[in-house]
Amino acid sequence: MRVANVGIFLLSLSFFHCLQLIPERANVTYINKKYMEYGRLYISRYGRKSPYYINLEGIIKHTWADNITMHLIFYEYLHNEYRRSFVEVHIMYCKMMKTDPYIGGMLAKHGAPCPAPPGEYKLQNMTLQGDNFPNLFPISKGKIEVELTNTSSTETILKAYATASFVTKAKKKI
Ligand SMILES: *[C@@H]1O[C@H](CO)[C@@H](O)[C@H](O)[C@H]1NC(C)=O
Ligand SMILES: *[C@@H]1O[C@H](CO)[C@@H](O)[C@H](O)[C@H]1NC(C)=O
Ligand SMILES: *[C@@H]1O[C@H](CO)[C@@H](O)[C@H](O)[C@H]1NC(C)=O
Ligand SMILES: *[C@@H]1O[C@H](CO)[C@@H](O)[C@H](O)[C@H]1NC(C)=O
């Protein structure tokens, strides 16, 4: 199944409503110097009881609005390899900032503007909604491949990935 519009994007995000995502590793694997001077994505932690923080840094050369599209491809870790799943998300930057409470909400909370003028951005110590939830039961591991493109030319701007564990939130007994 190809998820190619906002309605289905929100539906796929409701997936995260009962699942918590714990980031593990992340990195940028490609940067198009025509669009970005520099870009970094990494996970950090401060001690054993600290949550896993997502950190994003970059210098962009143009204004970013809906003329930038973010593509997310979800992989599931099965039998010692990452296999592409049916979940795929394609959303324009400002639309994401306005409509998506998870990634858009996380970026907005840390000051990412929309539109984003050219310049340097450092978004540090970010966490996804639902972190620190107690009584977790791990169910699976996964990887998300991220690609940013120029919406109209589809030219690649950046490629990155993040690996994560997905855990279910404990259900309350009635
Ligand atoms: C992240 O990517 C950079 C550049 O591609 C590489 O030098 C570095 O070793 C990578 N770091 C990790 C933790 O994979
Ligand atoms: C996106 O659109 C803005 C406003 O029209 C423009 O200034 C900017 O250069 C565009 N960005 C890219 C990456 O093409
Ligand atoms: C990130 O969190 C750690 C631990 O709470 C803190 O020491 C550090 O100053 C924070 N960094 C930023 C940039 O907020
Ligand atoms: C993005 O693609 C459009 C359409 O090809 C082009 O006009 C625009 O210049 C591109 N943006 C940049 C920053 O190259």
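Two strands count as paired when DSSP finds at least two bridges between them. Keep that in mind for the first close-up, and note that everything here comes from a predicted model.

**View 1. Three strands make an open sheet.** The strands run in the order 2-3-6, and their pairing is antiparallel. At the edges sit strand 2 (36-44) and strand 6, each with a partner on one side only. From one strand to the next, the twist averages 0°.

**View 2. Here strand 3 meets strand 6.** Strand 3 covers residues 53-60, and its antiparallel pairing with strand 6 runs over 6 bridges. Want a spot to look for? Find I59, which stands opposite E120 in strand 6.

**View 3. C94 and C114 are joined by a disulfide.** A disulfide is a covalent bond between the sulfur atoms of two cysteines. In this pair, the sulfur atoms are 2.2 Å apart, and a search of the whole structure turns up 1 disulfide. The link is right-handed, with 130° about the S-S bond. C94 belongs to helix 2 (residues 93-99), while C114 is in the loop between helix 3 (103-109) and strand 6 (119-126), so the bond ties together parts that are 20 residues apart in sequence. C94 counts as buried because its relative accessibility is 6%, under the 20% cut-off. C114 is partly exposed, at 27%.

**View 4. Ligand 3 sits among Y46, Q124 and N125.** One of the ligand's oxygen atoms is 2.3 Å from an N or O atom in the side chain of N125. On its own, ligand 3 has 360 Å² of accessible area, and the protein covers 41% of that.

Technical notes. Residues numbered from 1 in each chain as written. Chains lettered and ligands numbered in written order. Predicted model: local features only at pLDDT ≥ 70, side-chain atom pairs only at ≥ 80, totals over all residues. Heavy atoms only, no water. Near = heavy atom within 4 Å. Polar contact = N/O pair within 3.5 Å; in protein donor to acceptor, adjacent residues only side chain to side chain. Areas by Shrake-Rupley, 256 points an atom, 1.4 Å probe, with all protein chains shown as cover. Disulfide = S-S within 2.5 Å. Helix = DSSP H or I, 4+ residues; strand = E, 2+ residues; numbered from the N terminus. Buried < 20%, exposed > 50% of the residue type's maximum accessible area, 1.4 Å probe, protein only. Axes fitted to C-alpha atoms, helices over the stretch in contact; angles between N-to-C directions.
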